Amino acid sequence: MSRYILPASIFGTVFGGAVLLKNHLTGGTCPSKARIPGKTVVITGANTGIGKETARELARRGGRIIMGCRDMGKCEEAAREIRGSTLNPHVYARHVDLASIKSIRSFAEKINQEEERVDILINNAAVMRCPPGKTEDGFDMQLGVNYLGHFLLTNLLLDKLRDSAPSRVINLSSLAHIIGEIDFEDLNWDKKMFNTKKAYCQSKLAIVLFTRELARRLEGTGITVNALHPGVVATELGRHTGMHQSQFSSTVLSPFFYLLIKSPELGAQPSVYLAVAEELTSVSGRYYDVMKEKEPAPQALDQEVAVKLWDISASLVGLETTVSVPTSSPETVTPVKVLPEEIRTYQSEPTAALTNV
């Protein structure tokens, strides 16, 4: 019997050390124990991955959860599972396709009509490095789903968020924003040869620029806006990247992937932290790498680019008015000149599947 003690001790030590190292490298769990009874949370892309686990944890903390998803079958199934595992009956599935302006407007209209309040908006849904394709409205799929769709949704829910203040908007970006570039001459890849990696990085940079500009415009309203990089997470998002499609990556590199790649449960912790942490009540316009505040890439700090991107985005999605930079009153709005129809409308192509950041 004693001859098994040493091997078992070594195994236990190695395993325990690996778990501790993984928690250290991936950021661990949300340190806040705050609960959110009575608060309504809207989460996009919530039927799988980070979004689903974020919904589960916030439901566990007593929130009323609105899960916005494109695939209603998967969304209903996820909502039932979360209601069962958390014993929280207030978890609801709602349809929204971030690749369709019409769908986003319909979703926002229902939220505004049916919900008394929106305390937390988590813009989570995303596509990553997908094949060339356009949204229903002719936008590059990654720019449209990851950024423009959430830009529109957030603006459409601002009145509800303001009425529910203090409230929070949380935008999921990515470390990939650091190599992103905003190409104002060809945002939607209509002219140049398509590069899926660059398209993804552009969309994630746009999210950080949007976060900072929206926070600036909402100063004094009681709505905070922050962006985050959740870390490298094992979700369906990376299905187009080619990871684990070779024997070398699936065998030799697996131990390293185990240490560096999070489960969806761990991947959801930064979103939960930004949603509930009491110490972040007044923090706005910041970028978080997992759960640590960091300065984003220099190009994400360019206010002139952020303003130009805001105005162009508002025109592309057909917003005639948007919230302005506060002067005497934080609730004033600025008219936005809508681009001509021939500029805003493109030939539609088949849409790609939505998943989570």
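Start with the part to trust least: over residues 248-258 the pLDDT stays under 50, and the model has twelve contacts beyond four places in sequence for this stretch. Residues 328-357 also have a pLDDT below 50, yet this stretch has 97 contacts in the model beyond near neighbours in sequence. This is a predicted model, after all, so those contacts come with the predictor's low confidence attached, pLDDT being its confidence in each residue. Across the protein the mean pLDDT is 84, and 76% of the residues reach 70 or more.

Now step back for the overall picture. The protein has 13 helices and twelve strands. It is 357 residues long, and buried residues make up 52% of them. About 16,500 Å² is exposed, with carbon and sulfur atoms supplying 56% of that area. Among contacts between residues at least 6 apart in sequence, 79% join residues at least 24 apart.

A good way in is strand 7, residues 223-229. Seven of its seven residues are buried. In a regular strand, side chains alternate between the two faces of the sheet. Here both faces are covered: Ile223, Val225, Ala227 and His229 are buried on one side, and Thr224, Asn226 and Leu228 are buried on the other.

Who are the neighbours of this strand? Strand 6, residues 167-172, runs parallel to strand 7 and is joined to it by six bridges. Within that pairing, Ile170 stands opposite Asn226. To get from strand 6 to strand 7 the chain passes through helix 7, making a right-handed β-α-β crossover. Strand 7 also pairs with strand 8, residues 287-289, again in the parallel sense, over three bridges. There, His229 stands opposite Asp289.

Just ahead of strand 6 is a detail worth a look. Pro166 sits in the loop between helix 6 and strand 6, and the peptide bond leading into Pro166 from Ala165 is cis, with omega near 5 degrees. Further along, in the loop between strand 6 and helix 7, you meet Trp189. Phi of Trp189 is positive, near 60 degrees, although this residue is not a glycine. Trp189 counts as buried because its relative accessible area is 11%, under the 20% cut-off. Compare Leu87, in the loop between helix 3 and strand 3. Leu87 is another non-glycine residue with a positive phi, about 60 degrees, but Leu87 is exposed, with a relative accessible area of 74%.

Next, the interior. In soluble globular proteins, nonpolar side chains tend to be buried together. In this model the largest nonpolar core has 52 residues, and Tyr147, Phe151, Leu161, Leu214 and Val317 are those with the most contacts inside it. Helices 4, 5, 6, 7 and 12 each supply at least two residues of this core, and so does strand 7. A second, separate core has 37 residues, among them Val41, Ala78, Ile82 and Val272.

Leu214 shows how the pieces of the larger core meet. Leaving out residues up to four places away in sequence, Leu214 touches Thr154, Leu158, Val225, Trp310 and Val323. Two of those partners turn up again around Asn155, a residue of helix 5: Asn155 touches Trp310 and Val323, along with Leu319 and Thr322, with the same sequence neighbours left out. Is Asn155 buried or exposed? Asn155 is buried, because its relative accessible area is 12%, which is under 20%.

Finish at Ala300, in the loop between strand 9 and helix 12. Being in a loop doesn't put Ala300 at the surface: this residue is buried, with a relative accessible area of 1%. Ala300 touches Leu205, Val208, Leu209 and Arg212, and also His177, once residues up to four places away in sequence are set aside. How far apart are Ala300 and His177 in sequence and in space? They are separated by 123 residues along the chain, while their C-alpha atoms are 8.0 Å apart.

Technical notes:
Residues are numbered from 1 along each chain as its sequence is written. This is a predicted model: local features need pLDDT of at least 70, side-chain atom pairs count only at pLDDT 80 or more; totals for chains, interfaces and linings use all residues. Side-chain values use heavy atoms; hydrogens and water are left out. Helices (H or I, at least four residues) and strands (E, at least two) are DSSP runs, numbered from the N terminus. Buried means under 20% relative accessible area, exposed over 50%, partly exposed in between (1.4 Å probe, protein chains only). Contact means heavy atoms within 4.5 Å. A nonpolar core is a set of buried Ala, Val, Leu, Ile, Met, Phe, Trp, Tyr and Cys residues joined through side-chain atoms within 4.5 Å. Two strands pair if DSSP finds at least two bridges between them. A crossover is right-handed if, with the strands pointing away from the viewer, the path from the first strand over the helix to the second runs clockwise. Accessible areas come from the Shrake-Rupley method with a 1.4 Å probe; for residues, only the protein chains shown count as cover. pLDDT is the predictor's confidence in each residue, from 0 to 100.
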